[in-house]
Amino acid sequence: MTTTPPSSAFSSAFAAVDLGATSGRVIVGRVGPDTLDLTEVHRFPNTPVRLPDGLRWDVLALFQGILDGLREAARSGGVASIGVDTWAVDYGLLDADGALLGHPFHYRDERTGEVAERVRAEIGRENLYGITGLQHLPFNTIFQLASAEGTVQRDTARTLLLVPDLLVHWLTGSVGAEETNASTTGLFDARTGTWSEELLSRLSLDPGLFPPLRSPGDPAGTLLPHVAAYTGLDVRTPVTTVASHDTASAVVAVPAAEPDFAYISCGTWSLAGLELDAPVLSEESRAANFTNERGIDGTIRYLRNIMGMWLLEECRRTWEKENLPTHIPTLLADAARAESFASLVDPDAPEFLAPGDMPARIRDHCARTGQRVPGSQGAVVRCILESLALAHRRTLRQAAELAGRGISRIHLVGGGSRNDLLCQLTADATGLPVVAGPTEATALGNILVQARAAGLVGDLADMRRLIASTQHLRHYTPRGDTAAWDAAAARLDSAPRNS
C-alpha cells in the first residue's frame with residue numbers, strides 16, 4: 001500500500017541514493033531557501049564477490065539495499081524525487097528481453113591490463129586522448145569491453161547500462177545514459193558531448209548498445225508499480241537524473257565563491273583538479289595523464305585520479321585481521337607523532353590498486369626504492385598521508401599550468417575532509433589555504449540537482465552559496481617548512497613514474 005503522495009511537486013524532501021566502493025546509503029535531504037539538512041535513513045554494505053571468472057559487484061544486494069532505504073524514506077514522510085549516483089566506469093549488459101547478463105565486473109578486477117595497452121596501441125594514444133580527453137586508467141569501460149570481446153555476454157548483449165543507469169532502469173523501467181558518467185567510459189567524445197562513432201566502430205561495438213544521453217536534471221521516469229508497492233512510495237514519484245558519477249555530484253557541492261578554486265574530492269580515490277569551461281586536449285595534457293570529464297551545466301572536470309584513502313582503508317582491513325588497532329583517531333594521533341618524510345610512495349603505483357595486504361606492499365615499495373621501511377602503524381599512516389599530500393600538490397600545480405590559470409584556494413570535500421592531518425598536510429604541501437567540507441558532498445550535490453529540477457534552487461552559484469551558508473566547513477592555512485616539502489617533492493618526483 002502506498003503512502004499519500006507529496007501535496008506539491010515542490011516538496012522539500014528528496015532522496016539521494018549514494019553508492020560508494022564499500023557501502024551504500026539512502027539519504028533524505030530537505031531543502032529550503034536557507035536550509036539544507038540531511039538525514040541518513042539507511043546504510044548497507046557494498047561487498048564485492050570473487051567468482052571463478054573474476055571480481056564482481058553484488059548488484060542485486062545493492063538494489064535490495066536501495067529498496068529498503070527508499071522504504072525507510074517513505075516512512076520518514078515521503079519524498080518528492082529520487083536521484084542515484086555511484087562510482088564510474090562499471091556497467092551491466094542486458095539481453096534482448098532486458099534481463100541482466102551476469103553481475104557487473106568490479107573495476108579492480110585484473111583482466112584488463114594487457115588489453116588496455118593493446119587498445120591504446122591500435123587506436124593510437126594521441127588519437128584516443130584527442131577524442132576522449134581521458135586519463136589512462138586500465139579499468140576504463142573501453143578496456144573492459146575490449147577484454148570481453150568474443151564472450152557470450154558481449155555477443156548477446158543489446159543494451160549497456162552504467163551502474164547508476166542500471167539501478168535507475170530497475171526503479172523506473174526507463175533506459176538512458178547520464179552524461180557525467182558516460183564521459184568516464186573512454187567511448188565518449190569530449191569535444192562533441194556524444195558517444196564517439198569512431199571508437200565504437202574501431203572496437204566493433206554496435207552503437208545501439210549505448211542508450212541516449214541524459215543531462216543532470218532531466219526526468220528519468222517514475223517508479224515501477226512493484227517498486228512503489230515495496231517501498232510505500234507513490235507510484236508517481238519521479239526519479240530525476242542527477243550527476244550520477246559520484247565525483248561530479250561532489251563537485252556540485254564544492255562551496256566555492258571564487259572562480260579560481262581547485263577541488264579535491266577525497267574518498268577511496270582523491271580526484272584533484274579544476275572546473276573549466278572547455279576540455280584541455282593538448283599533448284602536454286595527455287603526457288601528464290589528466291582527464292576531461294563532464295560536470296554539471298556543460299562544465300569540464302579537469303582532474304587526475306589519485307589512489308586516495310583506499311591505501312589507508314586497506315591497511316585497516318589488514319590490521320583488523322591481525323588484531324591490531326584500527327581506530328582512525330588513534331592511528332592519526334600516532335601518525336602525527338611519527339617522523340616527517342621518513343618514507344614516501346607513489347600512491348598510484350600499480351601494486352596498490354588491487355585489494356590485499358597494503359602495509360606489506362608499502363613496506364616492500366619503500367625497501368625497493370631504498371627508503372626507510374616504516375615499522376609502526378603510525379609510520380605507515382604518516383607515509384600514506386604525506387604521499388597523498390604531495391600527490392595533491394603535484395596534480396594541482398600541473399593542472400593549473402596546463403589549463404593556464406591560477407589557484408587561490410583548495411576545497412577538499414568528501415570523507416577525507418574529516419581527516420584533519422591530511423587537510424593540514426595538503427595545505428602545507430601546496431602552500432595554499434584549504435577549506436575542508438562538506439563531508440557529504442556527493443549526497444548534497446545529488447539532492448541539489450533534484451531540488452533545482454523542482455524549482456527550489458537556482459543556478460550552480462546559488463547551489464554553492466547554499467552549501468557555504470548551511471554546512472560545517474573547516475579552514476587550514478599553510479604552515480611549516482616549505483623547503484622540506486620542496487625537498488620531499490623532488491625526492492618523490494625523481495623516482496620512476498607510470499605514464
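Trainee: What makes strand 17 and strand 21 the edges of the open sheet of 7 strands?

Mentor: In this predicted model, the sheet has the order 17-18-16-15-19-20-21, with mixed pairing. Strand 17 (291–294) and strand 21 (474–476) each have a single partner strand, so one side of each is left without a neighbour in the sheet. From one strand to the next, the twist averages 30°.

Trainee: How do you know that strand 17 and strand 18 pair, and in which sense?

Mentor: Two strands pair if at least two bridges are found between them, and strand 17 and strand 18 (residues 300–307) have 4 bridges, in the antiparallel sense. Within this pair, R294 stands opposite I300 in strand 18.

Trainee: Which helix packs on the sheet, and what does that helix touch?

Mentor: Helix 16 (residues 420–430) packs there, touching strand 15 (261–266), strand 19 (409–413), strand 20 (434–436) and strand 21, and its direction makes about 40° with that of strand 21.

Trainee: Why is A13 called buried?

Mentor: Buried means under 20% relative accessible area, and A13 has 1% relative accessibility, so A13 counts as buried. This residue is found in strand 1, and, leaving aside neighbours within four places in sequence, A13 is in contact with V28, G29, R30, G78, V79, A80 and S81.

Trainee: How many bridges join strand 1 to strand 6, and how do the two strands run?

Mentor: Strand 1 (residues 13–19) and strand 6 are joined by 5 bridges and run parallel, with D18 standing opposite D85 in strand 6.

Trainee: What makes strand 6 mostly covered?

Mentor: Of the 5 residues in strand 6 (residues 81–85), 5 are buried. Both faces are covered, since S81, G83 and D85 on one side and I82 and V84 on the other are all buried.

Trainee: Why are helix 15 and helix 19 called roughly perpendicular?

Mentor: Two packed helices are described by the angle between their axes and the distance between the axes. For helix 15 (residues 377–403) and helix 19 (residues 482–493), the axes come within 11 Å and cross at roughly 85°. Angles of 65 to 115 degrees count as roughly perpendicular, and helix 15 and helix 19 are therefore described in that way.

Trainee: Which residues make the contact between these helices, and how do they divide into nonpolar, polar and charged?

Mentor: Helix 15 contributes E386, A389, L390, R393 and R394, while helix 19 contributes W485, D486, A488, A489, L492 and D493. The residues of this contact divide into 6 nonpolar, no polar and 5 charged.

Definitions and conventions. Residues numbered from 1 in each chain as written. Predicted model: local features only at pLDDT ≥ 70, side-chain atom pairs only at ≥ 80, totals over all residues. Heavy atoms only, no water. Axes fitted to C-alpha atoms, helices over the stretch in contact; angles between N-to-C directions. Contact = heavy atoms within 4.5 Å. Buried < 20%, exposed > 50% of the residue type's maximum accessible area, 1.4 Å probe, protein only. Parallel < 35°, antiparallel > 145°, perpendicular 65-115°, else oblique. Nonpolar A, V, L, I, M, F, W, Y, C, P; charged D, E, K, R; others polar.
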